[in-house]
Amino acid sequence: MTAHRPPDSNTLTTLLAAQRRPFSIITQNQRIKLINAALCEALGYAETDLIGASCCRFATTVNGSECRHQRFFRDLEPYVETDTVLDASGQPHLVRAQGFPVLDAHGTVYLGEMLQLLRGRCDVGNMVGDSPELRELITQLTQAAVTDAAVLLYGETGVGKELAAQFLHQQSSRAGAPFVVVDCTVLNEELFESELFGHVKGAFTGAVNHRVGLFELAHTGTLFFDEIGELPLSQQPKLLRALETGTYRPVGATATRQVNVRVISATHRDLTAMVRHGHFRQDLFYRLAVLPLRIPPLRERRDDLAALSDYLLRDTTTADGQPYYLHPAALDKLHSYSFPGNVRELRNLLHLGAALSSSGVIEADAIHLPTLMAQVARAPLPPPAAVSAYDLGCSELDTAFLRHLSPVEAAEARQILALLQRHHGNRREVAVSMTMSERTLYRKLRRYGLNRARSLEGSGNGDDAS
Ligand SMILES: Nc1ncnc2c1ncn2[C@@H]1O[C@H](COP(=O)(O)OP(=O)(O)OP(=O)(O)O)[C@@H](O)[C@H]1O
């Protein structure tokens with residue numbers, strides 16, 4: 001597999017390289033700009049079939065109405081939708097499409113769309129590593145796989161929680177059935193029920209079609225609640241009820257439906273502390289954490305570094321098709337680092353190292369370890385008068401969040417933070433200056449961990465999630 005690397009789009013291709021799932025980048029005039037190798041592999045297309053083609057190139061039906069890509073560029077609202085796409089041989093596949101804005105280095109907005117194929121084998125990679133800690137984890141996951149117990153995977157960001165969940169699913173008797181990811185960061189109060197339980201046509205304004213919910217899609221398989229700590233408190237009783245009874249009712253339907261799913265959830269938060277502080281329901285916590293499994297951070301299993309580096313570099317080749325290798329001094333340098341962004345950060349460092357190396361050997365100099373505040377320092381300075389609680393809040397938030405974001409996301413997070421400071425925390429003004437709705441801004445604040453900070457001046461619109 002070679003990297004898709006047109007010369008003018010380094011920021012976007014870095015983002016693309018960071019995606020394990022089928023991923024495409026779509027322009028404002030609804031053309032496919034870039035795709036990753038996972039998309040070609042999953043659907044059997046050649047890159048040349050898709051680049052420059054219409055955004056709906058592999059849709060099953062294209063009618064006169066607005067497609068989700070058009071709608072995205074109208075509202076700039078992230079979305080999660082179920083759809084059917086055609087592979088190169090014309091076979092339909094049920095997918096979950098997740099779209100969100102991405103920016104290039106010049107600030108041009110594109111749509112990034114990730115596809116999750118919902119039937120058959122999920123795209124599980126290997127759980128790579130030689131450390132005793134990783135071997136112990138694999139043993140625990142394999143033991144958990146023979147039960148149907150709810151597993152809670154917890155650990156820092158980028159540590160491999162989703163990969164572990166896929167591994168568990170693949171080891172279980174449900175391996176031939178769907179593995180469906182529920183991204184709790186996008187499940188706000190409006191979306192929760194129709195996303196999870198589906199809705200019938202006409203259930204509410206805008207429900208122009210029947211929608212299959214994630215519970216139904218995961219029937220007989222595994223439902224993976226990613227970032228479960230982000231689930232709004234108000235929606236938690238609805239999830240608990242569905243899990244306790246094994247039934248749910250689509251929005252607008254009269255009858256309930258039975259469902260048979262295995263539940264795995266994951267969080268980077270301390271859920272027990274959230275329970276103590278009343279931010280997460282205790283009864284739901286016990287329901288989800290029948291088998292709690294901690295995934296240790298990479299700095300606690302440095303023995304994995306060599307094998308992981310080889311594995312993560314396997315897809316990256318030099319211009320003449322040779323694989324990249326780490327020089328021993330470069331590996332030593334990696335050993336000295338604490339990896340707050342864990343395996344995802346290792347992968348980004350290696351890909352950058354490869355991009356900076358002209359030969360196939362990545363020397364120590366090509367490994368750029370971030371200094372603690374390096375990314376924050378690049379953000380524009382706020383005007384002196386705008387000293388607000390963001391200044392206090394962001395010192396913890398930046399280091400915790402920015403490092404695990406893709407370069408494009410980190411740039412956007414810095415931009416939002418700078419605008420919040422400039423506008424004294426007034427979200428409406430920030431949303432206007434970014435030409436996006438307040439709802440979109442609110443989701444981004446949550447995603448980037450900026451929603452915890454509050455304005456001292458009290459001029460924000462006060463809709464913090466906390
Ligand atoms: N042991 C491993 N072997 C190979 N790849 C791994 C391993 N652990 C993690 N990765 C890779 O690192 C990246 C991050 O992993 P993953 O998305 O599973 O982390 P996560 O803990 O779910 O992150 P987040 O908390 O941000 O959702 C993925 O590309 C994944 O394939």
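The following exercises, each with a worked solution, concern a predicted model of a protein chain with a ligand.

**Exercise 1. The chain as a whole**

Determine how many helices and strands the protein chain has, and what share of its residues is buried.

Solution. Begin with the secondary structure: the protein chain contains 19 helices and 14 strands. Next, consider burial. The protein chain has 466 residues, and 39% of them are buried. Finally, turn to the contacts with a separation of 6 or more: 69% of these are between residues 24 or more positions apart.

**Exercise 2. The surroundings of the ligand**

Identify the residues that come nearest to the ligand, and state between which domains the shell around the ligand lies.

Solution. First, list the neighbours. There are 21 residues around the ligand, and the nearest are Val128, Gly160, Lys161, Glu162 and Val343. Second, assign the shell to elements: helix H6 (161-171), helix H12 (305-313) and helix H14 (342-355) each give two or more residues to it. Third, sort the shell by class, which yields 8 nonpolar, 7 polar and 6 charged residues. Fourth, locate the shell with respect to the domains. Residues come from both domain 2 (132-294) and domain 3 (302-366), and therefore the shell around the ligand lies between these two domains.

**Exercise 3. The crossing of H12 and H13**

Describe how the axes of H12 and H13 cross, and name the residues that make the contact.

Solution. Start with the geometry. Helix H13 covers residues 328-335, and its axis comes within 11 Å of the axis of H12, with a crossing angle of roughly 115°. The crossing of the two helices is right-handed. Then examine the contact itself: H12 contributes Leu305, Ala306 and Ser309, while H13 contributes Leu331, Leu334 and His335. By class, 4 residues of this contact are nonpolar, 2 are polar and none is charged.

**Exercise 4. Two residues with positive phi**

For glutamine 30 and glutamate 227, decide whether each is buried, partly exposed or exposed.

Solution. Recall the general rule: most residues other than glycine have a negative phi. Glutamine 30, which is not a glycine, has a positive phi of about 60°. This residue is in the loop between strand S1 (23-26) and strand S2 (32-35). Within 10 Å of glutamine 30 there are 15 other C-beta atoms, so the residue is partly exposed.

Now take glutamate 227. Its phi is also positive, at about 55°, although it is not a glycine. Glutamate 227 sits in the loop between strand S8 (222-226) and helix H9 (236-245). A residue counts as buried if 20 or more other C-beta atoms lie within 10 Å of its own. Glutamate 227 has 22 such atoms and is therefore buried.

**Exercise 5. Threonine 108 and valine 361**

Place threonine 108 and valine 361 in the secondary structure, and give the spatial distance from each to a residue distant along the chain.

Solution. Threonine 108 belongs to the loop between strand S4 (92-103) and strand S5 (109-117). Because it has 13 C-beta neighbours inside 10 Å, threonine 108 is classed as partly exposed. Threonine 27 is 81 residues from threonine 108 in sequence, yet their C-alpha atoms are 9.3 Å apart.

Valine 361 is in strand S14 (residues 361-362). With 14 other C-beta atoms within 10 Å, valine 361 is partly exposed. Leucine 326 is 35 residues away along the chain, and its C-alpha atom is 5.8 Å from that of valine 361. Leaving aside residues up to four places away in sequence, valine 361 touches Tyr325 and His327.

Conventions
Residues numbered from 1 in each chain as written. Predicted model: local features only at pLDDT ≥ 70, side-chain atom pairs only at ≥ 80, totals over all residues. Helix = DSSP H or I, 4+ residues; strand = E, 2+ residues; numbered from the N terminus. Buried ≥ 20, exposed ≤ 12 C-beta atoms within 10 Å, placed from the backbone. Near = placed C-beta within 6 Å. Nonpolar A, V, L, I, M, F, W, Y, C, P; charged D, E, K, R; others polar. Domains from an automatic or database assignment. Contact = placed C-beta atoms within 7 Å. Axes fitted to C-alpha atoms, helices over the stretch in contact; angles between N-to-C directions. Left-handed = near helix turned anticlockwise from the far one by under 90°.
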